[in-house]
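Subject: Structure handover

Hi,

Here is the structure I promised to pass on to you. Have a look at it first, and then read on for what turned up when I went through it.

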Amino acid sequence: MDVARVLDLIRPFFEGRNEPYALVGGLALLAYGAPRATFDVDLLAQRSSRDDFVRFLEAAGFATLGVQPGFSDHQHPDPTLGRVDVIYVSGPTADAVFAGCARKSITGAVAAPIPRAEHLVAMKAQAFARDQTRYSDLADLQFLLALPGLDLAEARGYFEATGLLEYFDRLRRS
């Protein structure tokens with residue numbers, strides 16, 4: 001997948017609407033230095049943009065694989081555009097996450113808005129709480145928890161909120 005090409009495609013949608021977006025998932029972890037292979041672009045966007053963004057991606061040739069209130073996933077027949085998965089947020093969650101985003105380099109000249117590491121911890125903890133067979137989320141959480149400057153009290157709160165406090169302690173020790 002050509003991440004720069006995908007970002008060049010989607011960026012005008014958000015900029016034209018003056019709406020924030022952010023990269024999450026594997027690409028966000030790469031921006032923090034994690035040695036992580038990823039084969040899709042995971043985005044965070046305003047929930048109010050979901051229907052328009054789905055139409056935008058479909059007009060760009062993406063097939064919509066599924067749409068839920070807080071999520072949509074899309075696949076392009078051109079492997080260089082690959083798969084785009086979108087998490088939609090609103091209200092105080094959206095305000096907090098987008099306010100904390102910073103433009104970070106992903107690879108070479110490719111940069112994009114990336115949430116704070118603490119917010120990535122929250123997303124990964126929620127994903128693992130929903131499906132505890134997603135062991136790659138635990139490796140990602142372990143990496144994030146070891147980042148210098150991470151607010152451990154905030155991160156711990158996200159583990160506690162998802163019922164995963166025992167994992168917080170285990171991942172911090174290992």
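Let's start with helix H4, residues 91-99, where the buried residues are Ala94, Val97 and Phe98. Those three cover an arc of only 90° around the axis, so they sit on the same side of H4. The spacing fits a general rule: an α-helix has 3.6 residues a turn, so residues three or four places apart point the same way. Turn to the other side of H4 and you'll find Pro92, Asp95 and Ala99, which are exposed. One thing to keep in mind while you look around is that this is a predicted model.

What do the buried residues of H4 pack against? Their partners are strand S1 (21-24), strand S2 (40-46), strand S5 (83-89) and helix H5 (117-130). H4 lies across S1, S2 and S5, and its direction makes an angle of about 120° with S2.

That brings us to the sheet. It is an open one with five strands, in the order S1-S2-S5-S4-S3, and the pairing is mixed. Which strands stand at the edges? They are S1 and strand S3 (63-68), and each has a single partner strand, so one side of each has no neighbour in the sheet. On average, neighbouring strands here are turned by 20° against each other, direction ignored.

If you'd like to walk across the sheet, here is the route, in the order of the strands:

- S1 and S2 run antiparallel and are joined by four bridges. Tyr21 has Ala45 in S2 as its bridge partner, while Val24 is partnered by Asp42 in S2.
- S2 and S5 run parallel, with seven bridges between them. Here the bridge partner of Val41 is Val84 in S5.
- S5 and S4 pair in the antiparallel sense, over five bridges. Look for Ser72, which stands opposite Val86 in S5.
- S4 (residues 71-75) and S3 run antiparallel and are joined by five bridges. Thr64 has His74 in S4 as its bridge partner, and the two strands form a hairpin with two residues between them.

S2 deserves a second look. Seven of its seven residues are buried, so the strand is largely enclosed by the rest of the structure.

Next, the aromatic residues. The count comes to eight aromatic pairs. Take Phe13 and Phe14: their ring centres are 5.0 Å apart and their planes stand at 90°, so this pair is edge-to-face. Phe14 also pairs with Phe53, and this pair is tilted, at 4.9 Å centre to centre with 40° between the planes. Which parts of the chain does that second pair link? Phe14 belongs to helix H1 (residues 3-17) and Phe53 to helix H3 (residues 50-59), so the pair links distant parts of the chain, 39 residues apart.

Are these rings buried or exposed? Phe13 is buried, with a relative accessible area of 10%. Phe14 is buried too, at 0%, and Phe53 likewise has a relative accessible area of 0%, which makes it buried. There is one aromatic cluster made up of Phe13, Phe14, Tyr21, Phe53 and Phe56. You have met Tyr21 already, as the bridge partner of Ala45 in S2.

Another ring to look at is that of Tyr167. Arg170 lies over its face, 4.8 Å from the ring centre.

Last, a backbone detail. Most residues other than glycine have a negative phi. Asn18 is not a glycine, yet its phi is positive, at about 55°. Where is Asn18 found? You can spot it in the loop between H1 and S1. With 75% relative accessibility, Asn18 counts as exposed.

For a first tour, I'd begin at H4 with Ala94, Val97 and Phe98 on its buried side, then cross the sheet in the order S1-S2-S5-S4-S3, and finish at the cluster that includes Phe14 and Phe53.

Cheers

Terms used:
Residues are numbered from 1 along each chain as its sequence is written. This is a predicted model: local features need pLDDT of at least 70, side-chain atom pairs count only at pLDDT 80 or more; totals for chains, interfaces and linings use all residues. Side-chain values use heavy atoms; hydrogens and water are left out. Rings of Phe, Tyr and Trp (its six-membered ring) pair if their centres lie within 6.5 Å; planes under 30 degrees apart count as stacked, over 60 as edge-to-face and the rest as tilted. Buried means under 20% relative accessible area, exposed over 50%, partly exposed in between (1.4 Å probe, protein chains only). A charge sits over a ring if NZ of Lys or CZ of Arg is within 6 Å of the ring centre and within 35 degrees of the ring normal. The arc is that of the directions from the helix axis to the C-beta atoms. Contact means heavy atoms within 4.5 Å. Two strands pair if DSSP finds at least two bridges between them. Axes are lines fitted to C-alpha atoms, for helices over the stretch in contact, and angles run from 0 to 180 degrees between N-to-C directions.
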